[in-house]
Structures are given as C-alpha cells and as structure tokens.
Amino acid sequence: MSENHPGLVERTFDTGEVRLNYAEGPAHGPPLVLLHGLGRRWQVFLPVIPALSLRWQIFAPDLRGHGKSSRVARGYQGTQYSEDIARLIRERVSAPAVLFGHSLGGMLAMWVATHHPELVRALILGDNMIVVRQLHNPMYTALFSGLRDLARKGGAVEQIADGIGRMVLPAPGGDGSVRIRELPGNDEAYLLSWAKCVQQADPDTYDMTLDGSSLDGWDGETVLRGITCPTLLLQATHELGGLMSDGDVALATRLLPHHTHVKFRNLGHALFIQQPEPVLRAVTNFLEAL
C-alpha cells in the first residue's frame, strides 16, 4: 500500500493542545472527513479514497497519538479526540461535512454530530460499537494488549509485522484460537501496512481503551438521541470480529430519524481496509442520495 495518493497533500493543524496531521484532497466537491480506528492512521482509507475523491473533497486526519499527529500522555478520552476533530472541521474544512468513521472513528463522528450538529451534514458509521459493553470481548482484549506491547517495544516495521502475524487470538466464533496471519486477508502486505500504524501509535491509546478510561462517560443512547442528520450504519459479521451488534442496530434504528443499514454477510471488522468494493458500493449509494 503506497504511503500517499496523487492529489492528497499532508498538512498540520494546531488545535492549541495537539498538532494534528491530516491529508487533504483536491476540491472536487463537498467535504468528506475520514476518521480511522484505534491504533490506525489516515492511510487505512487509501483503498477507498481514489473513488471517493472523484466527487468529494477528502480530509483525513491522524487522531491525536496516532500517525504523525502529536501525543499527549494519557490524553486519549473520547471527548478529547472528538473536540480535536470538531476544531479541525471548524477551521480547516468548509462545514457542514459528511463524517465517515471506522470503529473508534465512528464513535467520535457520532459525538461530533451530537455536540456540534452545525458541523455535520451526514454520518457513515463503520462497524463501531454504539452501546459500549466494557471491552469484555476476549478477542479484542488480546488484540489490543498485544498491539500495545508491540508499540511499546518499537523496532523495524518488518519486526512489528511479524509480531502481529504471530499473535494468537481467541477465535471470533468462540472455538479455539487462531494466529492473526492465518485469518483471511492478513497477507504480508496487509500486515506491513498495519505494522506502520502500530509503529506510530502511542501505547497509551491502547492502554486507555483496555482500562475503559478512553470511553469514560460514553452513553450510546444519549448520543444517538442527539443525532438528527442522515446516518448510514455499516455492520460487519459478528463471527468475523464485527463490533456493531444487532442490539446497537436495533437501538439506532429506533432513535435515528434518517438511517440506512447495510449488513455485510462475510466481512470482518476491518471492512474496506481489506475488501473495499462492497463497502464502496454502500457508501457511494448513500452519498449520492444525500
């Protein structure tokens, strides 16, 4: 995966507390802000950026403590991430923007839409939790602990990729355990691009997720009640590690005034990072209908 895409320029925005690195695309249309998940960086959206940037202007930040953005010791609460994004949109993006968040990024997008509705035109939520069940999911507890340890240890990208590949996780279906490199889609190229993300992530981002402090005070139902814009829910398959539960979808369907829901029968939590085509179809249909 290349580090960049022709037409994207990386810029820096100082929020007053952190320096955010973000990629900005050519002004081919209204603004579309892409928000990556925990321990990732803006480049995970490269599989979908070329298609999306034909009709939209892409803004893709690295969250604080991720990628080339600056770090703040133990400064990774959901509200802190979200306020960074709200400031970026207010000062660098011609609001209101469409927010497309994956995993943690989806939760942050929801928060911004509730607390700064004037900044958000529509939401695309990529397999994020809505009602937070303390991270009791054994697979993710093992995954984030392992990634934190690799981020702490540091080293060459190849070493980190090898470490990710060797990690043993409880199988998502609950039977036995599996090495990460044995899971579908986790080939050498994918592990290397993931390792670059881990190499640039602050270990505290994982720690605060594992101990629950990152999402302290999050109340999914209250956040949902504050969202008035059109929302697309992209749900991965639970047996493949999907995090958006059927309960999350039922609650969102009840509380959101304008929503569309797409459930992918054979896609895991990584969604577009590993299989861009089906996700792009759903996202493009939603965007065209706005």
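This is a short talk about the sheet, two of the helices, one loop residue and the largest pocket of the structure shown above.

Good morning, everyone. Before anything else, please keep in mind that what we are looking at is a predicted model.

Let me begin with the sheet, which is open and has 8 strands, and if you follow them across you meet them in the order β1-β2-β4-β3-β5-β6-β9-β10, with pairing that is mixed. At the edges stand β1, residues 9–14, and β10, residues 259–263, and because each of these has a single partner strand, one side of each is left without a neighbour in the sheet. On average, neighbouring strands of this sheet are turned by 20° against each other, if we ignore direction.

Now let us look at one pair in this sheet, namely β6, which covers residues 120–126, and β9, which covers residues 231–235; these two strands run parallel and are joined by 4 bridges. If you would like a particular place to find on the screen, take Ile124, whose bridge partner in β9 is Leu232.

Two helices lie across strands that I have already mentioned. Helix α9, residues 246–255, lies across β9 and β10, and runs at about 160° to β10. Helix α10, residues 276–289, lies across β3, β5, β6, β9 and β10, and its direction is at about 170° to β9.

Between β10 and α10 there is a loop, and in that loop we find Asn266. Is Asn266 buried or exposed? Its relative accessibility is 56%, and since exposed means over 50%, Asn266 counts as exposed. Even so, leaving aside residues up to four places away in sequence, Asn266 touches Thr237, Leu240 and Gln275. Asn266 and His238 are 28 residues apart in sequence, while their C-alpha atoms are 9.5 Å apart in space.

Finally, I would like to turn to the largest pocket, which holds about 870 Å³ of space. Its lining is made up of 42 residues, and those that lie nearest the centre of the pocket are Met139, Tyr140, Leu143, His269 and Ala270. Which helix gives the most to this lining? The answer is α4, with 5 residues, although α3 and α6, like α4, each supply at least two residues. Sorted by class, the lining of this pocket has 25 nonpolar residues, 15 polar ones and 2 charged ones.

Thank you for listening, and please do ask about any part of this.

Methods:
Residues numbered from 1 in each chain as written. Predicted model: local features only at pLDDT ≥ 70, side-chain atom pairs only at ≥ 80, totals over all residues. Heavy atoms only, no water. Pairing = 2+ DSSP bridges. Axes fitted to C-alpha atoms, helices over the stretch in contact; angles between N-to-C directions. Contact = heavy atoms within 4.5 Å. Buried < 20%, exposed > 50% of the residue type's maximum accessible area, 1.4 Å probe, protein only. 1 Å grid on protein atoms, 1.4 Å probe; cavity = no way out; pocket = protein on both sides within 12 Å on 5 of 7 lines; lining within 4 Å. Points joined across faces, edges and corners; volume = space filled by probe spheres on them. Nonpolar A, V, L, I, M, F, W, Y, C, P; charged D, E, K, R; others polar.
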